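Welcome! Here is a short briefing to help you find your way around a structure that is new to you. Take a look at it, then read on.

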Amino acid sequence: QYIIKSICYDSVTRLDLTRLPCPNIKEFAFKLPITKAKPWVLQEFVKGKEYCSHSLCRDGKVVLHCCSESSAFQVNYKNVDKPKIT
C-alpha cells in the first residue's frame, strides 16, 4: 500500500492518509491539487509506530539530532531514544 502527500506543507491535505490503491482511485487522484509548483510524493505505507527525525548539519557533520513520536501537527518535539533512527 501507498500514501500520497504534498511535498509543500499543506495543513488540510496532509491529514488525508488514504491508502492506495483505493476504491475510485481515478476520482481520488483527479481531486488532488497536484501542479508543477506544488508537487506530491508517493510513499510506501509502512505499518507500525511513526517517528519524526530532524538533523542539523554543519560543515558536513551532524551537530544536532532529534527523534520524536510523530503527530498530525508536529510543532512540539520531545526527544525519544531510538538509536536505529539516525
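Is Pro-83 buried or exposed? Pro-83 is exposed, with a relative accessible area of 65%, where over 50% is the mark for that label. Please keep in mind that this is a predicted model. The protein chain holds one helix and four strands, and the points below walk you through them by topic.

**Overall layout**

- Going along the sequence, you will meet the elements of the protein chain in the pattern β-α-β-β-β.
- The radius of gyration of the protein chain is 16 Å, well over the 12 Å that the globule rule gives for 86 residues, so the chain is more spread out than a compact globule.
- Along the principal axes, a box of roughly 45 × 30 × 20 Å holds the C-alpha atoms of the protein chain.
- Of the 86 residues in the protein chain, 16% are buried, a label that stands for under 20% relative accessible area.
- The protein chain exposes about 7,500 Å², and 57% of this area comes from carbon and sulfur atoms.
- Among contacts in the protein chain with a separation of 6 or more, 38% are between residues 24 or more positions apart.

**The loop between S1 and H1**

- Strand S1 covers residues 2–6 and helix H1 covers 25–31, and the loop between them contains Pro-21.
- The peptide bond that joins Leu-20 and Pro-21 is cis, with omega about -5°.
- Asn-24 belongs to the loop between S1 and H1 as well.
- The phi of Asn-24 is positive, near 60°, and this residue is not a glycine.
- Asn-24 has a relative accessible area of 57%, so it is exposed, the cut-off being over 50%.

**The S3–S4 hairpin**

- Which way do S3 and S4 run relative to one another, and how many bridges join them? They run antiparallel, and eight bridges join strand S3 (residues 51–58) to S4.
- Two of the pairings are easy to look up: Tyr-51 stands opposite Glu-69 in S4, and Cys-57 has Val-62 in S4 as its bridge partner.
- S3 and S4 make a hairpin, with two residues between the strands.
- Asp-59 sits in the loop between S3 and S4, and its phi is positive, about 55°, although Asp-59 is not a glycine.
- The relative accessibility of Asp-59 is 75%, so this turn residue counts as exposed.

**A nonpolar patch on the surface**

- Which residues form a nonpolar patch on the surface? Leu-56, Val-63 and Leu-64 do, and together they have about 290 Å² of accessible area.
- One of these three, Leu-64, is part of strand S4, which spans residues 61–69.
- Leu-64 has a relative accessibility of 53% and therefore counts as exposed.

**The salt bridge**

- How many salt bridges does the count come to? The count comes to one salt bridge.
- The partners are Lys-49 and Glu-69, whose side chains meet with an N to O distance of 3.2 Å.
- Lys-49 lies in the loop between strand S2 (40–44) and S3, while Glu-69 lies in strand S4, so the pair ties together parts that are 20 residues apart in sequence.
- Lys-49 is exposed, at a relative accessible area of 56%.
- Glu-69 has 42% relative accessibility and counts as partly exposed, a label for values between the 20% and 50% cut-offs.
- Glu-69 has come up before: this residue also stands opposite Tyr-51.

**After the last strand**

- To round off the tour, return to Pro-83, which is found in the segment after S4.
- Pro-83 and Cys-67 are 16 residues apart along the chain, and their C-alpha atoms are separated by 9.2 Å.

How values were computed: Residues are numbered from 1 along each chain as its sequence is written. This is a predicted model: local features need pLDDT of at least 70, side-chain atom pairs count only at pLDDT 80 or more; totals for chains, interfaces and linings use all residues. Side-chain values use heavy atoms; hydrogens and water are left out. Patches are made of residues with over 30% relative accessible area and no salt bridge: like charges are joined within 9 Å, nonpolar side chains (Val, Leu, Ile, Met, Phe, Trp, Tyr) within 5 Å. Accessible areas come from the Shrake-Rupley method with a 1.4 Å probe; for residues, only the protein chains shown count as cover. A salt bridge is a side-chain nitrogen of Lys or Arg within 4 Å of a carboxyl oxygen of Asp or Glu. Buried means under 20% relative accessible area, exposed over 50%, partly exposed in between (1.4 Å probe, protein chains only). Two strands pair if DSSP finds at least two bridges between them. The radius of gyration is taken over C-alpha atoms; the globule rule is 2.2 Å times the number of residues to the power 0.38. Contact means heavy atoms within 4.5 Å.
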